[in-house]
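Dear colleague,

I am passing on a structure that you have not worked with before. Please look through the sequence and the coordinates first, and then read the notes below them.

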Amino acid sequence: MKFNLKVIVQTFILPVFFLISNSCFNRIDSPRAFYFWRSSFALTSEESKMLSTLKVNKLYLHFFDIKYDENTKTEIPHAVIKFKDDTLPLVEIIPVVYIENSIFKNKTDSACRILASKTIELINKICSYKKITPKEIQFDCDWTESTKLAYFKFLTTAKEFLPQKIQLSVTLRLHQIKFPLMTGIPPVDRGTLMFYNMGNFNPAESDNSILNLNQANNYINSLKDYPLALDIALPLYSWAVVFRNGKPIDILHEFDGNSVSSLPELKALNKNVFTAKTGFYFNSVYIQQNDIIKIEEILSAQLQQAAEMLSGNIKKENRTIIFFDLNEKTFNRIGRHEMETVFNNFN
């Protein structure tokens, strides 16, 4: 029996080749990004290496906060970024500005316009100083139903002060996506879903207030119907919530299991809850005797579950996947391989 090579190629090999080729060309690799949220910009060698090995495309760089100043009775820039590194990483830089929601209470249209003008002016000064040419600018504000009109006026005006080629984005919380008729849809080009800080502070509960997937499950079905293009931000950080007389009074940032081992003033009540045996200071925060400290950490298994939940409930489109935030201290808990696995869930 003779085999006709041409027939075999046309009948079997070529269809398989085109099937594989089409699947490769149709695949969309989501851009990868980190937030950088320290007020002094300087990357450690490990942080630079992580950007490179993960093939990160963007860095959402916190430029400053806007807070209300009781002395001057007006809003002022706070924690304006300082650059210790002369050279920025070779990725797209996206300026981010955090704005306190209270600023927009009872704010007139003209006051919103003045605030937008001053904010864009300061962003432009920082960009000019570091020779940054942004394609996108992001505002982070947890607006409410009572402040949405003023905040949206601020956003509309800010966009007027920007060149048309620069996109404007905002951060979004799950409740703002589930109840758009109540909270409104911001007048911007795209949003970033902050998939964290979604639980209640409670020293007795085992749930993690940073990433509570049981809570998230009540909102997740709303994502596909949201009219804005959505990028996704996932948490890497840890913290400790300080409780006094059963009420949360403070948060110790960058506090994890390693921090506890070096503090003889704490006594373990269970795996992640401790009590203060005596009063002491931790990073300028005073802990009183009998205060309760609950450690909340994000582990790779939780991240993977969150990525799987999200990837099955959001539109298949070109979206950026962002980790909050770039900090070498998290790499012992969540390494390059774990982050790579999470990124790949969205491709």
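The notes below go from the whole chain to its cores and then to one residue.

This is a predicted model, in which local features need pLDDT of at least 70 and side-chain atom pairs count only at pLDDT 80 or more, while totals for chains, interfaces and linings use all residues. Residues are numbered from 1 along each chain as its sequence is written, and side-chain values use heavy atoms, with hydrogens and water left out.

The protein chain has ten helices and 18 strands (DSSP runs, H or I of at least four residues for helices and E of at least two for strands, numbered from the N terminus), and its C-alpha trace spans about 90 × 55 × 45 Å along the principal axes. Of its 347 residues, 48% are buried, that is, under 20% relative accessible area with a 1.4 Å probe, counting protein chains only.

The largest nonpolar core (buried Ala, Val, Leu, Ile, Met, Phe, Trp, Tyr and Cys residues joined through side-chain atoms within 4.5 Å) has 93 residues, and Phe-34, Phe-139 and Leu-234 are among those with the most contacts inside it. Helix H3 (residues 109–129) gives the largest share of this core, seven residues. A second, separate core of 15 residues includes Val-260 and Phe-280.

Ile-314 lies in the loop between helix H9 (300–311) and strand S18 (321–324), and it counts as buried because its relative accessibility is 6%. Leaving aside residues up to four places away in sequence, Ile-314 touches Leu-223, Lys-224, Ile-232, Arg-319 and Phe-346, where contact means heavy atoms within 4.5 Å.

Best regards

Notes: Buried means under 20% relative accessible area, exposed over 50%, partly exposed in between (1.4 Å probe, protein chains only).
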